[in-house]
Each structure stands twice: as structure tokens, then as C-alpha cells.
Amino acid sequence: MKKLIFITFFAGILLSCNSNTTPQLGKSSIDKVIAAMTLEEKVHLLVGTGMAGFGNNSDPVVGATQSLVPGAAGTTYPILRLGIPSIVLADGPAGLRIAPKREGSDDTYYCTAFPVATLLASTWNTELVETVGAAMGNEVLEYGVDVLLAPALNIHRNPLCGRNFEYYSEDPLLTGKITAAMVRGVQLNGVGTSTKHFAVNNQETNRQKNDAQVSQRALREIYLKGFEIAVKESQPWTVMTSYNKINGVAASESRELLTGILRDEWGFKGTVMTDWFGGYDAVRQMIAGNDLLMPGRPDQYQMIVEAVQSGKLDVKVIDVNVRRMLELIVQSPRFKGYQYSNKPDLKAHAEVTRRSALEGMIMLENHQNALPFGTDIKKIAAFGVTSYDFIAGGTGSGDVNEAYTVSLGEGLENAGYEINADIQTLYEKYIAAENEKNKPDPNNPFALFMPKIRAAEFLPNAAALAQSTVASDVALITIGRTSGEFEDRKTSDFYLNETEKSLIKNVSEAFHKAGKKAIVILNIGGVIETASWKNDPDAVLLAWQAGQEGGNSVVDILKGAVNPSGKLPMTFPLALEDVPSYPNFPRDYKPANPMETMMGGSAISENRPNIDFTRYEEGIFVGYRYYFTENKEVSYPFGYGLSYTQFEYENASVSGKNGNYIVSCTVRNTGSIAGKEVVQLYVSAPGKSMNKPAKELKAFAKTKLLQPGEAQTIQLKLTPDALASFDEANSQWIVESGDYTGQIGSSSRDIKQTVGFNLVGSTL
Ligand code: BGC
């Protein structure tokens, strides 16, 4: 096998030197290039060059391309005689993921850790997200990468999904709009994106083998909608299929999904690639329209070549896949010979990350205007392990190798606050000792890929606490959570443990007794329980995992340099049992061994509910669609977030007809501090001919920075497309006839104005 590759490779080089007639990509038409390709060359182009140490063969197929950009997730096969270079693909959603150092060189290749995707969605600011994408894409370009394996946009179906931080929201419209903005931003640089994981990849437990059993309606309205919006509004260069099956068929092997829906219905023009080692049958993947198998294994190559040779697979099928690969390659910077610098402007990008993090942080509580700090606050006691070990982002392929992370403590110092040194020393000593204990096991080959074990929370004793109340003006208490691919979060990760609860309670009580305030900062990547403790402190700031400038961004909000304007892209329920997918989501599953965690369970399906298959019994009633329809109380509703100022909504009106409407409304800042507001339009449909959620987000916009007293008129567009529901019986989109209500609000619960319209239904 290896021999054959080398012969092909060198023969290719020789031919390219000798022949003037051999078509060259870019100079000759793609048709001519394809016509000149041997079967072996075609198949090589469709199978990536491997990943050392993984798969059936521990050797990469073409080692040389693997080192083009060390630490990148994969490369494609070069065919030099036809002028086809190898292109480089690298993760991921919070910034470029490559190796920060290279053997034999003192140079560094750090990338910017931008805020996690969930924080970016919390900005509800598509322009801002586009700016973040542009900065991220610039690093992709300048480090010699061609396609960023991001954005990731699976729906937050359950708070315990280990990768929710990489994803945007429980709502498909918000997901789709933010994704499209990110794709536009990254691709402005002339590099590609890979919207992933297509589709219904909502759990990590047994992710390679799980069968998501979901209705056609939920599939179309909830799980595919974000991809549909992104494809139509931003044309990502590539789409990455998910590992899981959907109703019994592996996503990467589903022709209905990849050709029928993605290409024929939505008009996707790009290339489809698998997730790493995803799927079972390389031939079926080719037929489905999954053009590129990543990272690529020799047996896949063999399987396709043999299928063509034996007549099982028509060469015309792979010619279509090859064409799409060539169309991808000709756009790439590497094909165009871009001279990358390896020196992106990391300083400028640090500014972008700091600014974007500010807009996605969400003020959950602010009793008696505890925040922003007044000028009387100078000395601060910072509690909580993550105050000193701030979490910039999650783990796995969504992690970034950044040069530094500004902790909360550093952020406070940078802003000129004095941190209580005794408390700081206590925590730093404790964290150092814990890190020593939790070092990855050098004998476990998977340990490097698994999330780092972080120090558990720690409670300073009563004496230390008492000392800090005297010595400080205010207390900050951080609560941290992290997660990443391969594993879902555990129930115990959703609820605060006793130490954490005591920490919030004891510190708040001690500071209240001294006439001082206590503020909780949530440095988390996914939803946690808040109802039982949220009234103990004076304020709660949801800082998410805010990227490498996180500590600075938090402090900008605490001191009021910036007014918070983030809103929740998901609901915070009262309890885990309230989540509609609760009975149908894996809980606290323990894989038999690390191999199972990494590569999936045994090949033989054992038919275990929520592990081998998951029933999406809640259908379209995901997140707030369920809580409102069932009148269920929640801790914080979808779209919620406080500001340091107040906004009033005036003069709502609707114009248009037949499903095409403009809803407009004037928003006025009636408080005393400048701020931005997210205006949300929910629609309640008649729900007579179809079962509809009580309300659904159909449009949104963020105001500019409104000065006190200033007003802005916002126009929100509704189209028949947005109002339609999927009718399974006839497999078509239907706009129902009847009376609709448009609810314009500051959250899904805080509705400020309503408008009504009546329409005559139609099918689309
Ligand atoms: C992840 C993808 C990622 C790929 C390459 C997989 O494990 O699911 O999101 O892009 O690895 O690193």
C-alpha cells in the first residue's frame, strides 16, 4: 500500500516536470483535470491523509502534508502532477487550534482564544459576531490553514450535552443567524469554514454510534433549520457531517440529507466532509454526497477503489465528489500561493475578544443596583477557584492554544483594584496542590485528549472569611464549570455541590453582616441550577467562558465601563427534571473504558436507550417552546438579561401582507446610563390546523448604543418562510391561515408591545 502511494507520488512529480500537456488545476478546466486523473488519484483526493496514531493504520497516508501546519486536524492528498496541492483543515469554534510550538524552533504559534460560541450567541449581535469571525479567519489565513472546522451549531437540546459551549442556542433562528454571521466573517479572509455537525449531534455519550430518532417535523424545524439559514445566507465552503445516525442512517451516509435536503433543496454548493473517523461505509458515503473522508484511512481508500473496479460503484459518482473537492481547492489560499506570515496581529485580536466578550455577558441578578461598583469600591476579596484559574473555553477540539488567559484576579489588578492577598494566597496554594494531585496519568494514551481535572471548589475557614470582610469593600465569588467533547456533563455538574453552595451562602452572609455586598460570577460553559441560591448574593453575572481576555472583560462590566447587554440564548430551568428531553438524554453514563469514550461503544448495537439510540420524544418542544406551551416556571427565561439602564418600547406597528411583514417599534433608553437593547419578536400562530408552540422567536435586532433619553426605531422582517411549519404527512412547509400575534419584548417573558395580523395560508 505504502509503496503504491510513493510510486504514485513520485511518478506524479516526474510527470509534472516532463509534460506540457498534462492539465493543471487552475490553468485547465476542472473537466480536463478530472479526465486526466487516474482512479487511484481520484480516490486519494477523497480520503484525507490520515492522523498519526489513529485508525487501523498507525501511519499517516502521506506524512509530508501532515506537517504543513503542525497541530492542524488534517490535510488532503496532493496530486502534484496535476497542480493539486494539499489543503489544511484545522479546528475550531473558539479560535484556530494548532500546535503553539514547533520542534527545533523558538518561534511560537499561539492563536487567540475568543469567547466560546454560547457567549457569542448571547450577544445577539450579528455584526459583532462577523467581526469576531473576521479576526478568527485572519489567523486561519496567516497560519497557513485553508478551512476552519467551525462554526458548530447543534441545538442545545439538553443542558448536559458536553459540547453545548461550542454551540449557540436552543433556538434555531438565533443559531442560524449567528452562524451565518460567523461564516461570513471568517470567509471574508478568503479561507473556508465547515459548519458542523450536520446533523442532530446533541449528545456526546456514544456519539459515534448513537441513533437519534427524531420526527421529520422536529428535524426540519429545530435541528436542520439553523444549517438551512446558514447555508442560504452565507454559503459555507464546507459542511461537516455528524457521527450519529439519524433514524437509523449514519448522517454521513444519508443521500437524502446530503444531496436531497442540503444541496437540492437549500442550494448548498460546497464540499461535505465527515467528522473525524465518522461513518461506517466509505462507498455509501460517496454515494450520499459526503465528498471527503477525514482524517482518512487506508481501508477507506481501498474500499472505494475496489468498489469502482468491481462495478459496485459508478465512477461517475466519485467524479462528482472529486469535482467538489477541486472546486474547494481552487478557492484555497494554499492553491493561490498565499504567502502566510505566521504572524497574525494577536494584539489587535485580543482587543476583539475582550470587546466581544463584554457584549455576551449576561447580568442575571442585580439587587438594589449592587453593580456597577461605585467609587467607594477599592479593595476586593475574590473567592472561588476560578477567580485564580479562569476558564477561557472548553476542552477537546473546541480548545485553543492561546498565549495567556487573564484571570479575574489579574483583571482586577489591571483595573487598579486591590485584591485581598490572604484569600488569594490561600486559593493559589490550594490550586497548586490540587493540580499536582490531578496530573494526567502518563500511562493512559487517551489522557492527553481528555479534559484536565480541575481543582474542586474550596471553602476558606471562618477566620479567613472574617478577616476578609474587614479588609475588603466587596466580595466576588466565582463558580466554574468546564466540559468538552467525548463526554456529556454529569448531573452533579448541573447542580452546585455543597461546598459551592456554602461558599456563596457563607461569603454573602459574612459580607452582608459587615454592610457589604457579594457578587457571584459564573465562569461556565453550559446551564447550571440557579434557583436555589440566586437570591443569596447581591448580583449574579453570567460571564460564560469568555476567552483569553476574560478577566479584563468581567471587570469592565463590574466597574460599569460597559453596560451589560447580553441575553440568554437558552432557558435556565428550575431543575434538570424540568428539561423536556430529561427522560431521553443519557445521564451519568460511565463508559467501560477510555477507548469507548474516544471511539464509541462496541460495534454490536446493544440497544441501550439514550446510549445506542435516543428518542427525541419532545419533538419540536425544545427549550422555551416547551416551557411556555406547558406553562412551566423556569429560573431564567430565554432571551433574558438585565441592563444598568431601562428601556421603554413605543409605537409598535405592523405593515405588509400575505406573510411578508415589517414589524417596527421604537426603543428608548429611559435610564441614566448608555446601553444597548436586544429587541426580540416572538410570534404566536393560530395553531388550529397544527400543534404549535405558544410562541417562537421569528426575528431580533440589537440597538446601537443608546444614550440616556435616546430612541431608535427597529424594523423586524417576517417572511412566509419564517412563519411556516413542516407538515410531515405531505412533506411540505405550510403557513397556517388565521390570526397571528407578534410579541415584541426584551425577553421571551417580558413582552412590551404586541401587534396582530391575519393571513390566508399557503404551502411553500
Ligand atoms: C470533532 C470535530 C473536530 C474533529 C477534528 C472531532 O473529534 O467532533 O468537531 O472538528 O474532531 O479535530
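1. A polar side-chain atom of glutamate 485 lies 2.7 Å from an oxygen atom of the ligand in this predicted model. Two aspartates also approach the ligand: an N or O atom in the side chain of aspartate 91 is 2.5 Å from a ligand oxygen, and for aspartate 275 the corresponding distance is 2.7 Å. On its own the ligand has 310 Å² of accessible area, and the protein covers 93% of that area; such areas come from the Shrake-Rupley method with a 1.4 Å probe, and for residues only the protein chains shown count as cover.

2. There are 13 residues around the ligand, and those that come nearest are Asp91, Arg163, His197, Asp275 and Glu485. A residue belongs to this group if one of its heavy atoms lies within 4 Å of the ligand. By class, the shell has five nonpolar, two polar and six charged residues. Here Ala, Val, Leu, Ile, Met, Phe, Trp, Tyr, Cys and Pro count as nonpolar, Asp, Glu, Lys and Arg as charged, and the others, Gly among them, as polar.

3. The model is predicted: local features need pLDDT of at least 70 and side-chain atom pairs pLDDT 80 or more, while totals for chains, interfaces and linings use all residues. Residues are numbered from 1 along each chain as its sequence is written, and side-chain values use heavy atoms, with hydrogens and water left out.

4. Is glutamate 359 buried or exposed? Glutamate 359 counts as buried because its relative accessibility is 10%, and buried means under 20% relative accessible area, exposed over 50%, and partly exposed in between (1.4 Å probe, protein chains only). Glutamate 359 lies in helix H15, residues 346-360. Its side chain makes a polar contact with the side chain of lysine 702 at 2.8 Å. A polar contact is a pair of N or O atoms within 3.5 Å; within protein, one must be able to donate a hydrogen and the other to accept it, and residues adjacent in sequence count only if both atoms are side-chain atoms.

5. Serine 492, in helix H20 (residues 491-494), is exposed, with a relative accessible area of 57%. The C-alpha atoms of serine 492 and aspartate 588 are separated by 8.7 Å, although these residues are 96 residues apart along the chain.

6. Of the 764 residues of the protein chain, 62% count as buried. The C-alpha trace spans about 85 × 70 × 50 Å along its principal axes.

Notes: Helix = DSSP H or I, 4+ residues; strand = E, 2+ residues; numbered from the N terminus.
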